[in-house]
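Thank you for making time this morning. I would like to walk you through a structure that is new to most of us, going slowly from one part to the next.

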Amino acid sequence: MSSPKPFLIHIPQSKIDNLRQKLSLAEFPDQLEEAAWDLGCPVADIERLATAWQQWDWRQAEKKLNEYPQFHTDVEVDGFGSLDIHLVHQKSKVKEAIPLLFVHGWPGSFIEVLKILPLLAQHDGNNPTFHIVAPSLPNFGFSQGVSKRGFALAQYAEVCHKLMLQLGYKEYATQGGDWGFWITRAIGKLYPESCKASHVNMILANAPTYSKNPLLALQHSVYPYSERDKKGLERTEWFHKEGR
């Protein structure tokens, strides 16, 4: 079993120059008069973004990202061999801190955890503190891609679980949203002896039916939604309509 090795991000300047050249040579299509977002992204917004990317200071962003403790390590996945996995690993000063596996979404990356790292590391005696492990999932960011078919939820869960064991965390909690929600659910199902708790910030659920949950369905039909619930449902309906 390999040990995690410290990692610093450094994108070759040739790749940055190549991207800027491609952006500068981009040709944009015409569009209908008075075209707006109902027809897709307006050309003016795409042009603005292309210009912003040409002018963006990647080295400054790279410097900021390298302030966080990053590593690379190999994880063996059944049927898929060894995968090179990138991760952020922030250890608390408190030895008994809770190991927390943070799994990002799609499209997403380990960057999702960075803003809350200082909060999770705080120890004031009143709130729990955590050892944070935030991997880049296989096929994302600085982790290795998978070239063989069949790599699915169980394999993503296996990577994350084996990573935690490699770091010395036999028991841990998880946090997941979006794609991370599904992966952490799989971890809880496949490795219940290690995954002791899960926190999610995305829940997919439907109203209970009389055929499957008659008591809950009756309760659901009798008790009204709060104003907050109504606004949430309206927002969800809008998202489903606009996203298609």
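Let me begin with a term, because in what follows a residue is called buried when its relative accessible area is under 20%. Please also keep in mind that this is a predicted model.

With that cut-off in hand, take helix H8, which covers residues 227-242. Of its 16 residues the number buried is 0, so H8 lies largely in the open. From its first C-alpha to its last, H8 reaches 22 Å, which is close to the 22 Å expected at 1.5 Å a residue.

Strand S5, residues 130-135, gives the opposite picture, since 6 of its 6 residues are buried and the strand is therefore largely enclosed by the rest of the structure. In a regular strand the side chains alternate between the two faces of the sheet. In S5 both faces are covered, with Phe-130, Ile-132 and Ala-134 buried on one side, and His-131, Val-133 and Pro-135 buried on the other.

Where does S5 sit among the strands of its sheet? The sheet is an open one of 7 strands with mixed pairing, and its order runs S1-S2-S3-S5-S4-S6-S7, which places S5 between S3 and S4. The edge strands are S1 (5-6) and S7 (195-200), each of which pairs on one side only. On one side of S5, strand S3 (residues 81-90) pairs with it in the antiparallel sense over 4 bridges, and here Leu-87 has Pro-135 of S5 as its bridge partner. Strand S4 (residues 98-103) also pairs with S5 over 4 bridges, but in the parallel sense, with Ile-98 standing opposite Phe-130.

From the sheet we can move to the largest nonpolar core, which has 26 residues, and in which Leu-101, Val-133 and Ile-187 have the most contacts. The elements that give two or more residues to this core are strands S2 (70-77), S3 and S4, together with helices H5 (153-166) and H6 (179-190). Among these, H5 gives the most, with 6 residues. Val-133, one of the residues with the most contacts in the core, is also one of the buried residues of S5 that we have just met.

Let me finish with the pockets. The largest pocket holds about 520 Å³ of space, and of the 15 residues that line it, Ile-203, Ala-205, Gly-232, Leu-233 and Thr-236 lie nearest its centre. Which element gives the most to this lining? It is H8, the helix we began with, which supplies 7 residues. By class, the lining has 8 nonpolar, 5 polar and 2 charged residues.

The second largest pocket has a volume of about 390 Å³. Its lining has 15 residues, and those nearest the centre are Ile-11, Leu-19, Trp-53, Trp-56 and Trp-58. Helix H1 (13-24) and helix H3 (58-65) are the elements that give two or more residues to this lining, and the largest share, 5 residues, comes from H1. Here the lining divides into 11 nonpolar, 2 polar and 2 charged residues.

Definitions and conventions. Residues numbered from 1 in each chain as written. Predicted model: local features only at pLDDT ≥ 70, side-chain atom pairs only at ≥ 80, totals over all residues. Heavy atoms only, no water. 1 Å grid on protein atoms, 1.4 Å probe; cavity = no way out; pocket = protein on both sides within 12 Å on 5 of 7 lines; lining within 4 Å. Points joined across faces, edges and corners; volume = space filled by probe spheres on them. Nonpolar A, V, L, I, M, F, W, Y, C, P; charged D, E, K, R; others polar. Expected span 1.5 Å × (residues − 1). Buried < 20%, exposed > 50% of the residue type's maximum accessible area, 1.4 Å probe, protein only. Pairing = 2+ DSSP bridges. Core = buried A, V, L, I, M, F, W, Y, C linked by side-chain atoms within 4.5 Å.
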